[in-house]
Amino acid sequence: MPRQFGGAYFLKEDKMISKSKVDKAGRILSDKDRNYDELSLELDYVFEEFRKSYLAPLTKLTLSLQEWLQTYGQQYYIAQRLKRKPQILRKLRRFSVRLTQLQDIGGCRIVVDNNEAVDGLVSFLRTKLTDSGDYTIERETDYRDWGRDDSGYRAYHIILTTSGIRLELQLRSQLQHYWSESIERTSVIYGSRLKENEGDKEVLKYFKKFSDALHFLEQEKKLSSEHEIELQRSRELAEAIIGQASPKALASYVNENIIKTMSEAEKNSQSSLNNWILVFDWNDGNFVTWDLVGRDPDEATEAYSNYESQYPEEDKYEVVMIGSSEISSVKHTHSHYFGIEHHSSALEDMEQSIIGLTSRMSMDVGARRILSTLKRQGRWGKKAIKIDTLKNHFCLNVATFHESLELLMERGLVVGSDPVSLNIKKNKEISELV
C-alpha cells in the first residue's frame, strides 16, 4: 500500500517518486501546447504510478463500506471509480491546482432512495469511519440545499484519508443522481461539458432550474403551474440550442443486453469486487468493448492506460474504470452509459424536462446498427448473409452483436437462422427505426 513520507510517495518497493515530480508530471501533461517527447513518456509513467497508488486503498474502502452497509437496512447502490486521465488533466488546467492537491482521483459513489436516507447514511458512515481507526475524515461538504456553483449539482461529499491517500465519498439521493446522470448524457449530445460550466448560458441555466425543481420535489412540494411553464420554456430553448450544435439524439433505452452479458462474465470471477474498464463511443451511444480487469493495481491500471491511449477522448470515446461487487449496480451508479431510467414517482410527469430523453427508444443502438447495415446492403428476403460475415466484416464495433441480433429475431425484424436477412413484411417498422 502506498504511503506518503514527507515530500515523497513510496509507490513501489524499489522506487521513490517525490511529490514535486508528481506535480511536475501533472503540470506538463496538462499543458495543451506541449510537445510529446521522451520527457513526456517519463512523466506519463510518473502520472500512472501516482494514479495507481489510489486503487488498493479505494478498493479497501469500498469493501469496508459494503460490509457496513449490509447492516444498514436500506436499499443502496455502490460503485467505485478511478478518475479518467483526460478528466484529471482538464481539472488541473481549470483550477490551476497541483496534481497532489486533487481529492477525487479515487472515489466511491453511493445512491440511496431520498434525501432523508442521505442524512441517515452520513451519520451512519461518519460513526463507522471513525470507529474503524483506518480513516480520518478531513472534510464534509453538503451541496444539497443550494447546489454547487452554477451547474446545480447536488450531493453530500466526504473527503477522507487513509495511509496518506485522499479519497472522496459521494452520497446522493435518486433524484440528485438522476439529474447528475442526465446532465452527463446531455453533455455528450451537446458536445460541451456542462458540469464544468462549458456551453451556452441558456443551457446551463436550464440545468440549474431543473436541479432546483427536483430539489423542490425532494421536499415533497408540488411545482406551481408558473414554475412548470418556466421550466418547460427553458427546456425548449436549451434543446433548440443543443439541436443546432448537434443533430445527435441519444434516447433513454436501457440496454439490458449489456448488463446480461457482463453479468455472465462476472460469474466466472471469484473476487468480492471486480474492476471493469468500459469503452463507450459517444458518436452513436454504443459500447465498443468492456474488460473485466480484476483488482491487481499493476494489471488494472496498465490496462486502463492502454485503453485510454487506444480510444482517445478527442475522438469522442470515453474510457472509465469502475469497480463493483455486482455489475448490475453500475447500471444504477453510472446509468448514463447504459440508458437513464428513473425510479421516482415524482418524475412521472416531468419526463419531457430531461433533454435527450424526450423520446424513448424500443431497442439498443447495437440492434439499430445491425438493421442499418443489413438495409444498406439490401439484405432482404432471400438475399441473406452469414452471421459470421455480418459480425466480423460489417459490425465489428457492435459489442452486443449476438444479444442485439437475438432481439431483432425475437421481434421478427430479422429472419432466418444462419444466414439471416431483413423481413420484407416489416419494411415500414425497420425504416422507422433506422
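The following exchange takes up salt bridges and burial in this predicted model.

User: Why is the contact between Arg 98 and Asp 23 called a salt bridge?

Analyst: The N to O distance between the two side chains is 3.5 Å, and the cut-off is within 4 Å for a nitrogen of Lys or Arg and a carboxyl oxygen of Asp or Glu, so the pair qualifies. Arg 98 lies in the loop between helix H4 (85-95) and strand S5 (106-112), whereas Asp 23 lies in helix H1 (residues 19-29), so the pair ties together parts that are 75 residues apart in sequence.

User: What makes Asp 23 buried or exposed?

Analyst: The relative accessibility of Asp 23 is 9%, and buried means under 20%, so Asp 23 counts as buried. Its partner Arg 98 has a relative accessible area of 42%, which falls between 20% and 50%, so Arg 98 is partly exposed.

User: How do you know that Asp 44 and Lys 85 form a salt bridge, and which parts does the pair tie together?

Analyst: Their side chains meet at 2.6 Å, N to O, which is within 4 Å and therefore meets the definition. Asp 44 lies in helix H2 (residues 38-52) and Lys 85 in helix H4, so the pair ties together parts 41 residues apart in sequence. Both Asp 44 and Lys 85 are buried.

User: Why are Glu 230 and Lys 209 called partly exposed?

Analyst: Glu 230 has 30% relative accessibility and Lys 209 has a relative accessible area of 25%; these values lie between the 20% and 50% limits, so each residue is termed partly exposed.

How values were computed: Residues numbered from 1 in each chain as written. Predicted model: local features only at pLDDT ≥ 70, side-chain atom pairs only at ≥ 80, totals over all residues. Heavy atoms only, no water. Helix = DSSP H or I, 4+ residues; strand = E, 2+ residues; numbered from the N terminus. Buried < 20%, exposed > 50% of the residue type's maximum accessible area, 1.4 Å probe, protein only.
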